[in-house]
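Me: I am learning the terms used for protein models. Please show me one, and I will ask how each term is earned.

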Amino acid sequence: MNNTRPLAILGAAQAFAEPLHVGRPNIGDRERLMARLNDMLDRRWLTNNGPYVQELERNLERILGVKHCIAMCNATVALEIVIRALELKGEVIVPSFTFIATAHALQWQEITPVFCDVDPATHTLDPYRVEELITPRTTGIIGVHVWGRPCNIKALAEIAQRRQLKLLFDAAHAFGCTAGGRHIGNFGDAEVFSFHATKFFNAFEGGAVTTNDDALAAKIRLMKNFGFSGYDNVIYIGTNGKMSEASAAMALTSLESLDSFIATNRANHETYAATLADLPGLKLVRYDGTERNNYQYVVVEVNESQAGLNRDELIKVLHAENVIARRYFYPGCHRMEPYHSFFPHARLLLPHTEALADRVLVLPTGTAVNSRDIGTIGDILSSAIANAPVVRAHEEQGGQ
Ligand SMILES: Cc1ncc(COP(=O)(O)O)c(C=O)c1O
C-alpha cells in the first residue's frame, strides 16, 4: 500500500510515531513467565507432553467445561490432524470468508474445500447455502466462529446429523466465547483454537483441539505424537503437532491475565463504539451482550456511498498515519491460489463473501491500545470522511 499521507495536505502532523498494529501481542506478567521458563530449564523438560502442557490442558478443560483438550503447536496443524482423525475425504464445506489455513488444512491432504457463502449479518456459514452444496462426495462441514461470534451451531449440527456428515469448528478466534451460555470448545465433533501471538490469548505459537468424544481424543493424541504409544511403539500414522513447554508456559501466564485482557478489549470496543457512532458509513460489528465474548476484533463495515471513501482508501489514510489497520479476509480464500485456479467462477456463488471482503476493516485493539489512541484513530477517520473528495483526489493522483 502506498505510504503517503493524504491528510498531510490538510496540515495535520502524523498521528502515531510508532506503528499501531492489529494483533499486537498481549503480554501477561513477565516475572511469572520468566519464573516458569527458569523452572522449565531447571527441569530440562522442554517438550514431549511436559508438565506445563499437561497443566494447560487440564486448566483449559476445566475452564471450557470440556472432556478433552489436546494442546498443539498451532491451529493449522491441529486442523490438519483433526480432519484426518475424523477421516474426512472427498469434499468438505467451508466458508471462503476465513483465514487461508482453514482451506489449506483440507487441500494439504487432497480434500476439496467447497466454499460456501456466509450470512451477511453474522459473517459465518449460512446453513441454507451449506445444505445446497452437499453432494455424494461430501464428508464434513467446517464452520468458523469468525471474530469469536459463534456460527449457527444448532442449524449446522442438525444438517450434519441428518446428512451424516462430520462437523468441525475452526474456533481460532473464539477462545473464551460462549454460545447459548456454553463455552465454545464443546460443539460439533471437535473444535480447534489458535493461541498464535496475534490472538488475545497467546502461547507465542500454539493451538488446541477440544472434544467430548473419548475415542476421537485418543486418536488425536496419538496422531500429534507420530503415532507413538509409549517408548518404541508406533501404532498409528502420525505427525508432530506437539506444543513446547515454552509455549505452554506463555499460555499459562496469559491465562492468569485472561480476565484483564478481555476487560481491556471490551473497554476498547465500547470506546470505539462511542467514537465511531457519528461517523457516516462506518458500522461497528457488535457482540451479543447475552454471551461471553473476548472482544478481540474491532471490525468495521465500510459503506462507501455514505462514507464518501471506500475501505481501501480509508486503509491508505490509516496506514499513512501509522495505524496498521487490516483488510479481513481479503480477497477471500476462493480468490487465492490454488483455489482461484481450481474454481475460477466460485465468486458467483459467494456474493456476501465478496461484499464483506471488500468492506471489512479491522482496527487495532488489545493491551497495546488505549482510549487516547482510539480517539486519535476516530479523529483520523472523521477527518478523512469529512474531506473525502480531497482525500480521494489526492489518492487518485498517487498520493504525491
Ligand atoms: C480462522 C483461523 N483459522 C486458523 C488459523 C490458523 O491459526 P495458527 O496461526 O495458530 O495456525 C487462524 C490464524 O489466524 C485463523 O484466523
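Salt bridges, ligand and backbone

Reply: The side chains of Glu256 and Arg36 form a salt bridge, with N to O at 2.7 Å. The pair links distant parts of the chain, 220 residues apart: Glu256 belongs to helix H8 (residues 245-256) and Arg36 to helix H1 (residues 30-43). Helices here are DSSP runs of H or I with at least four residues, strands are runs of E with at least two, and both are numbered from the N terminus. This is a predicted model, in which local features need pLDDT of at least 70 and side-chain atom pairs count only at pLDDT 80 or more, while totals for chains, interfaces and linings use all residues. Residues are numbered from 1 along each chain as its sequence is written, and side-chain values use heavy atoms, with hydrogens and water left out.

Me: Why is the pair of Glu256 and Arg36 called a salt bridge?

Reply: A salt bridge is a side-chain nitrogen of Lys or Arg within 4 Å of a carboxyl oxygen of Asp or Glu. Arg36 and Glu256 meet at 2.7 Å, so the term applies. The structure holds 20 salt bridges.

Me: What makes the approach of Lys199 to the ligand a polar contact?

Reply: A polar contact is a pair of N or O atoms within 3.5 Å; within protein, one must be able to donate a hydrogen and the other to accept it, and residues adjacent in sequence count only if both atoms are side-chain atoms. A polar side-chain atom of Lys199 lies 2.6 Å from an oxygen atom of the ligand, and therefore the pair qualifies. A side-chain N or O atom of His173 is 2.9 Å from a ligand oxygen. For Ala75, a backbone N or O atom lies 2.9 Å from an oxygen atom of the ligand.

Me: Which peptide bond is cis at Pro331, and where is Pro331 found?

Reply: The cis bond joins Tyr330 and Pro331, with omega about 0°. Pro331 is in the loop between strand S14 (326-327) and helix H12 (339-342). The bond from Glu337 to Pro338 is also cis, with omega near 5°, and Pro338 lies in the loop between S14 and H12.

Me: What makes Asn49 worth listing?

Reply: Its phi is near 55°, a positive value in a residue other than glycine. Most residues other than glycine have a negative phi, and most peptide bonds are trans. Asn49 is found in the loop between H1 and helix H2 (51-64).
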